[in-house]
Amino acid sequence: MKDNLLERVLGPTPPPAYALLYRQGHDQAEIIEGDVVDVDNLADIPLHDADGTVREVLALVPFRQVRERGYQAIDDGAPLRCLRVTARQEVPVQMLREALPATLPAIEGRGFDVPDQDYIATVSAVIGDEIGRGEGANFVIRRDFLAQADADGARVATSLLRRLLERERGAYWTFAVVTPDIILAGASPERHVSVNNGVATMNPISGTYRHPQGGVDPASFSRFLLDTKEVEELFMVVDEELKMMSQVCADGGQVLGPFLKQMSKVTHTEYLLKGHTSLDVRDVLRETMFAPTVTGSPMQNACAVIARHETKGRGYYSGVAALMTPEASGGFSLDAPILIRTAQITPGGEVRVSAGATLVRHSSPQGEVAETAGKAAGLLGALGLEAAYGAGFGAGAGSGAGSLQMAPEDIDELTSSASRVVPQPQGTPQPVPGAQTATELANDPHIRAALVARNRMLAPFWLAEQHDARSAGLTGRHAVVIDAEDRFTTMLAHQLRHLGMTVSVVPWAQVAADGEIPLPPDAEYLDLVIAGPGPGDPTDRSDPRMARLRAAVQRRLRDQAPLVAVCLSHQVVATELGLALARLDSPRQGVQLTIDYFGTPARIGFYNTFTARVEAGNSSPVRLSGGVEASIDPATGDVFALRGRGLATLQGHAESILSIDGIDVLERMVRHALGNV
Ligand SMILES: C=C(O[C@@H]1C=C(C(=O)O)C=C[C@H]1O)C(=O)O
Ligand SMILES: NC(=O)CC[C@H](N)C(=O)O
């Protein structure tokens, strides 16, 4: 008789480890049984048996795994757990739903571990001490809602899954994974990365509209769509994920969208990034570990910031579940949602629901408190914990008990700020008027038009496919990009290759103390050095990273050897040329500006807190000593770009999705540095 895995899994003697998955784009739900194997590194994920037979594996990758990349994380010991699939079954989703326990066990909410006041203090500290000191553009700090169920963990997970299948919508994966000591159940909106027949897709989601009590409302949603903070947040995570795409895909990543992800309690804005990869799926996982939408950017430093401001390890929160399935071609497909909106459950029925908010320079602490609560709301509602968090986090009053009470004006904060309205690109339709109620926001033509209009702010380079190189006469020239811990270098490398160059990226630590830069293995001569961006204060003499960057820059300047310098490295060059460096009153982290690039207006993305400055009131460009000229902001004297013999620098990021004119400016910089080739 055919084994009915579903019956077995939900029967009196379930197997020790199984998963129940309902994945977007699949007709049927999947039931998987597997052997549990814990491994140290992603490369150890057992995709082959000893005899070489391919195996399907579902891996649970905890956040602390990021240490494999050399990034910081509080070590809570959560294992990289693999289920080697031994049996699987597909059933219609309603069959799964109806087979799951119909009643929830009693669950007592204990509230957030970090009270509102403490979370507010953390938000302020992150804005002031991290973004305000040039450590990065955005950081995701999470807190945990804790609860205790009067049942074992598997029962909590399966009954929660039923409620999620009944109530949640728009999820990428709705799932429960049960293993002897680690149990997860959730409805994650966000695909981190998938690979199918060599096509890699990432799905950065950012921007969160919390549904008002009476349901979604196109008027308030239109205001949300025009909120600068929400728009910039999404663009920043697209940039950060393009860094990952440029690393794993030879053709970078084409940006598709924006789209909406409408869920039960919140609606998000999102893009899809697509490219072609030939990497092993485990390498794809490593190079993309983890999403900026749940960590921040630049990602490496975001991990350090998280370790500074969170007090406990994240377990699996913001990690991924990764299903790797053999493909006919001999490789493996990969499907990896981010573990958010996911309950971490112990065998004894302790429940932990983590939620974070993306903190940016103009975050409102109260608004971010409400956002963590809003993100937890879908799961807490499904756990029957509505009372624990109050009547709702939407536009209504928060009348709930405990730590989550807040004033309606605070709750409204994120969506109502008229002072932060995005300047509307020409022809953008006005926000939809009045009280019309539409449940499917994406079907509203005005909303669709407003979404599409966002792309007018973005670089055509990244909105198009990028296989074909430009013939720029730079073919065969060798460039080395120095990585100063911001992976914008992968996008720079991709664009330079697009211009015909041969490019390698070296970490700053490979620069010698005397500034010598290693020659790539296949090159006899280095035509160009691109000194990259990075977090931190460029004048910090105690930081070995700054010292190496400075040594490299000094050497290139001394030899008048071609040098392009970006952002942090532009600042280093500027100080070497004797310019003053100042901290901006309001950081330009993730901001688009039109600059005068030596006679041509250029729309460029900026990610900086510091700036080099000359006297205000001059017109651009100004001539400095040594034949160097500076493109400046006449009002402030802020230096946007420098040019001299063999030298071209930019405070902004030509490689950014925010740089409409980026590839043209980069090409001009490279040609200038190479002596006008
Ligand atoms: C960090 C979370 O969600 C992420 C952050 C979002 C945002 O800040 O707008 C939106 C979706 C997710 O990418 C979470 O759910 O905990
Ligand atoms: N992206 C960067 O290189 C930033 C440079 C510097 N850390 C600043 O914030 O100004």
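**Exercise 1. Determine which strands pair with β7 in this predicted model, and in which sense.**

*Solution.*
Step 1. Begin with strand β1, residues 18-23: six bridges join β1 to β7, and the two strands run antiparallel. One residue pair fixes the register, since Arg23 of β1 has Trp173 as its bridge partner in β7.

Step 2. Turn to strand β8, residues 183-188. β8 pairs with β7 over six bridges, again in the antiparallel sense. Here Val178 stands opposite Ile183 of β8.

Step 3. Consider the connection. Four residues lie between β7 and β8, and the two strands form a hairpin.

Result: β7 pairs antiparallel with β1 and antiparallel with β8.

**Exercise 2. Establish whether the two faces of β7 are buried or exposed.**

*Solution.*
Step 1. Sort the side chains by direction. Trp173, Phe175 and Val177 point one way from β7, whereas Thr174, Ala176 and Val178 point the other way.

Step 2. Apply the criterion for burial, namely 20 or more other C-beta atoms within 10 Å of the residue's own. All the residues on both faces are buried.

Step 3. Draw the conclusion. Because six of the six residues of β7 (residues 173-178) are buried, the strand is largely enclosed by the rest of the structure.

**Exercise 3. Describe the shell of residues around ligand 1.**

*Solution.*
Step 1. Identify the residues that come nearest. The shell has 18 residues, of which Thr208, Thr293, Ile340, Gly356 and Thr358 come nearest to the ligand.

Step 2. Assign elements. At least two residues of the shell are supplied by each of β6 (138-149), β11 (205-210) and β18 (350-359).

Step 3. Classify the shell. Around ligand 1 there are six nonpolar, seven polar and five charged residues.

**Exercise 4. Characterise the contact between domain 1 and domain 2, beginning from the domain bounds.**

*Solution.*
Step 1. Set the bounds. The domain assignment places residues 5-457 in domain 1 and residues 468-673 in domain 2. Taken over C-alpha atoms, the centres of the two domains are separated by 35 Å.

Step 2. Count the contacts. With contact taken as C-beta atoms within 7 Å, 25 residues of domain 1 are in contact with 23 residues of domain 2.

Step 3. Locate the contributing elements. On the side of domain 1 that touches domain 2, α6 (228-248) and α8 (299-309) are the elements that give two or more residues. The most comes from α6, with nine residues.

Step 4. Classify this side of domain 1. Its residues divide into eleven nonpolar, eight polar and six charged.

Definitions and conventions: Residues numbered from 1 in each chain as written. Chains lettered and ligands numbered in written order. Predicted model: local features only at pLDDT ≥ 70, side-chain atom pairs only at ≥ 80, totals over all residues. Domains from an automatic or database assignment. Contact = placed C-beta atoms within 7 Å. Nonpolar A, V, L, I, M, F, W, Y, C, P; charged D, E, K, R; others polar. Buried ≥ 20, exposed ≤ 12 C-beta atoms within 10 Å, placed from the backbone. Pairing = 2+ DSSP bridges. Near = placed C-beta within 6 Å.
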